[in-house]
Amino acid sequence: MATRRKAQSKNVKPLAAGSLRPACDPKGLGFKSTDELEPIDRLIGQDRALGAIRFGTSIDRPGYNMFVLGPQGSGRHTAILSYLKRKAADAPAPDDWVYVHNFTTAHCPQALRLPAGTAVPFRDAMAELVEDLRGAIPSQFQSDEYREKRRAIDADIEETQEKAFEELRKKAESHNVGILRTPMGFALAPMHDGQVLKPEVFNALPVEERQAIEATIDELQKDLAAILERLPLLEKHRREKIRNLNAELTGMIVDASIKAVADKFAGIEAIQTRLTEIRQDLVHNVELFLPAAETEAAAAQPPLARPSDMRFNRYLVNVMVAKDGDSDQLGAPLVNENHPTLSNLVGRIEHRSQLGALVTDFTMIRPGALHRANGGYLVIDARKVLTELLSWEALKRALRSNTITIVSAAEQLSLVSTVSLEPEPIPLNVKIVLIGERMLYYLLTTLDPDFADLFKVEADFDEELPRSPANVALYARLIATIAKRENLRPLNAGGVARLIEETARLAEDAERLSLRIGRLADLLREADHWAGDARRRRITAADIDKAVAEQIYRSDRIRQRSHENIERGTVLIDTDGEAVGQVNGLSVIGLGNFSFGQPSRITARVRMGTGKVVDIERETKLGGPLHSKGVLILSSFLAANYALDVPMSLWASIVFEQSYGGVDGDSASSAELYALLSALAEVPLKQSLAVTGSVNQYGQVQAIGGVNQKIEGFFDICHANGLTGGQGVLIPASNVKHLMLRNDIVNVAARRRFHIYSVGTISEGIELLTGLSAGTRDRQGEFPKDTINGLVEARLRQFAFTRKTFIGGNKDEDNAGEAE
């Protein structure tokens, strides 16, 4: 066998330790403590989002509501509230809105628009007016003058009634007929000498006399009926006179009280019209203010059925939207609704129990967030409003109709059929700001046909900021601002530098800084705690290290158990030696906010076949679509690069050993290809190296995510098993800029005890893993036989020739059988 060609000296060298974690020099920051820095009053790195917010709040057109999208903890909520607070303070105050009783249709309360700052004084004035009338009207109706006039009316009617009866009595007596009062009413009977004739005496009279008496009684009966028919008319006339008397007296009392209110709100047409309506109703319903014994309607009710507190509600005012009278506080409203249920959005109608029944009136209408934000801004969490029953549809309905209609969930779901109030809808003029994740925005844009028309402004918050000197200076000011706002200890320059490095690690990019302000603030709070625990006056790099280490320790139980299984040999991972068709792949396991790297053994087996590469993960339905795509890509790579003049006659299988959960992503496709090439070439791969990176059809190694966690995961296993100086990780060259490794790994790499290699192609990677040259085609189009590519191609040609011979032999046997 020919000697195999070693890899050329120009092969990839380990990365320098300085490129594994680009440091932030505390001396270059230009300060000793954050106390020296001016606070920053704006978000940094969010120019696009802030520009969209300025546009969305400035344009006054239908449908230009905003959706603020971005990851949680990016400061989007704080930024939008801070900007809107300033914007609202400079805007004019919107009109007030109140509900009042509808004297025409009681179950449809009227909505009144009032100038800003008027609703509360008007409500108080009406409450005072009603209270005054409750005392003034009854006292006037108990005066001697009123009683005398009332008695005169009653006497006049009684005199008219008595006169009619007296005339009838005299007429009857002249015909010897008496008028008798009985429990059943009036009766007429014949009389003699002032005494009613008994039946037997009357029957003994001559027929002619009896008939004459009966005829007389019939005539008198008609006169009596005529008088009785006039009695209701007389009673009606009496009530009308009393009503006119009451109206005259009430008008005198009411006019004085109402004039005082009218003068106070002169020039406000809605209030003047309302006061006119109230006066008319007061005059016609003065009985409401009289004691129950004075009103016939009240006397007919049982005592418990006289809710005196609700009798006068018809004249009160229910404030829905109002501004304080202090002009210094006037401005557009800003409402942040944290619990956007249907009733919290559009309002609700409350009820009270009375005699076993639920009763309500317009004073029990309660405003929702749309009422409170009317004329200003309403901020809602998108996920919350989407998960609340009926809230999303109610919000869209209000925006489409530009009105606020109060409905209950029970009515919409037909759970109740009782008659309730139907308040008049209030016109809506509000800017809605939804805050949510990007996925929610894209889903709503795709699946909800109304969304794009109602939310036309997209404010997209960025997650990262370029790590330039200018931005580092801004970031230091941001750190100082958070520390001062949270009343934390100041940071020294070393603490700020360490924190900037950590934010770059959070961004998973050495050239970027994370804008996850929430995570940054949490880390600062925890570092402040540990600084206090160490009795330091300032937060130092050691406190940041302690906070990071404690965060990891609280979350890494599963990582620890996983690594223990590898160290104890339960999960098979080699960190030294060589093996054919076997390589260490790397993956990332995410657990909430914590993720860690996990090495996995990937193996490949080959034999003659029909050109099929079997992905065992896919066959067992454990592989996701992206992983299956990666396997198909490496299959295409083999077919397009080797033994092009013969049919692909390979059967191969690839699997993640001891993988009992799902596998997805294509970051292991380069490792799978290395294992497959090793199995074909029958050349062992170094188990001291782990591999990550995806591959395309041209053999280029592509960037992947989680590169830091993957390297650290394999390093921890190597460190536990013992560092040999030959261990390391192959990463895509395009991932070098993402490296922000732990300091312990950087220190070990500086001593050349652990290596990070960046590779751009499969050829570079296979040379590192085997120590042999990958090989390139010569002028005749052949790979050198002692290279990896040459060995792979030779093996594939062998499979093809064997298959051809096998198929040809079977055909000869079949032909011979037919000849016999």
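Helices, as named on this tour, are DSSP runs of H or I at least four residues long, numbered from the N terminus. The model you have open is predicted.

**Stop 1: the loop after α19**

Select R535. R535 lies in the loop between α19 (517-533) and α20 (541-555). Check its backbone: phi is near 60 degrees, a positive value in a residue other than glycine. Most residues other than glycine have a negative phi. Is R535 buried or exposed? R535 has a relative accessible area of 79%, and exposed means over 50%, so R535 counts as exposed.

**Stop 2: α17 and α18**

Now select 469-485, which is helix α17, and 493-506, which is helix α18. Two packed helices are described by the angle between their axes and the distance between the axes. Here the axes of α17 and α18 come within 11 Å and cross at roughly 110 degrees. Angles of 65 to 115 degrees count as roughly perpendicular. α17 and α18 are therefore roughly perpendicular to each other.

Show the side chains at the contact. From α17, pick V472, Y475, A476 and I479. From α18, pick V496, L499, I500 and T503. What classes of residue make this contact? The contact of α17 with α18 has 7 nonpolar residues, 1 polar residue and no charged ones.

Next, go to N487, in the loop between α17 and α18. The phi of N487 is near 55 degrees, again a positive value in a residue other than glycine. N487 is exposed, with a relative accessible area of 70%.

**Stop 3: the sheet of five strands**

Select 334-337 for β8 and 457-460 for β17. These strands belong to an open sheet of 5 strands. Reading across, the order is β8-β13-β16-β1-β17, with parallel pairing. β8 and β17 stand at the edges, each with a single partner strand, so one side of each is left without a neighbour in the sheet. Look along the sheet for its twist, which averages 20 degrees from one strand to the next.

Strands of a sheet pair through backbone hydrogen bonds. Zoom in on β8 and add 377-381, strand β13. The two run parallel and are joined by 4 bridges. To find one pair, click L334: the bridge partner of L334 in β13 is Y377.

**Stop 4: the sheet of three strands**

Select β2, residues 96-100. Add β3, residues 110-114, and β7, residues 318-321. Together they form an open sheet of 3 strands in the order β3-β2-β7, with antiparallel pairing. β3 and β7 stand at the edges with a single partner strand each, so one side of each has no neighbour in the sheet. The twist averages 30 degrees from one strand to the next.

Helix α7 (residues 269-284) packs on this sheet and touches β2 and β3. The direction of α7 makes about 140 degrees with that of β3.

Now follow the pairing out from β2. Toward β3 there are 5 bridges, in the antiparallel sense. V100 has Q110 of β3 as its bridge partner. Toward β7 there are 3 bridges, also antiparallel. Y99 has N318 of β7 as its bridge partner, and W97 stands opposite V321 in β7.

How many residues of β2 are buried? The count is 5 of the 5, so β2 is largely enclosed by the rest of the structure. In a regular strand the side chains alternate between the two faces of the sheet. Turn β2 to see this: D96, V98 and V100 point one way, W97 and Y99 the other way, and all are buried.

**Stop 5: the loop after β21**

Select N593, in the loop between β21 (582-591) and β22 (594-608). N593 is exposed, with a relative accessible area of 66%. Then select R519. N593 and R519 are 74 residues apart along the chain, and their C-alpha atoms are separated by 9.7 Å.

**Stop 6: helix α25**

Finish with 707-721, helix α25. α25 has 15 residues and reaches 22 Å from its first C-alpha to its last, close to the 21 Å expected at 1.5 Å a residue. Of those 15 residues, 12 are buried, so α25 is largely enclosed by the rest of the structure. Among the buried residues are I711, F714, F715 and I717, and the buried set also includes K710, E712 and D716. Just after α25, click G722, which takes a positive phi of about 110 degrees.

Notes. Residues are numbered from 1 along each chain as its sequence is written. This is a predicted model: local features need pLDDT of at least 70, side-chain atom pairs count only at pLDDT 80 or more; totals for chains, interfaces and linings use all residues. Side-chain values use heavy atoms; hydrogens and water are left out. Two strands pair if DSSP finds at least two bridges between them. Axes are lines fitted to C-alpha atoms, for helices over the stretch in contact, and angles run from 0 to 180 degrees between N-to-C directions. Buried means under 20% relative accessible area, exposed over 50%, partly exposed in between (1.4 Å probe, protein chains only). Angles under 35 degrees count as roughly parallel, over 145 as roughly antiparallel, 65 to 115 as roughly perpendicular and the rest as oblique. Contact means heavy atoms within 4.5 Å. Ala, Val, Leu, Ile, Met, Phe, Trp, Tyr, Cys and Pro count as nonpolar, Asp, Glu, Lys and Arg as charged, and the others, Gly among them, as polar. The expected span of a helix is 1.5 Å times one less than its number of residues.
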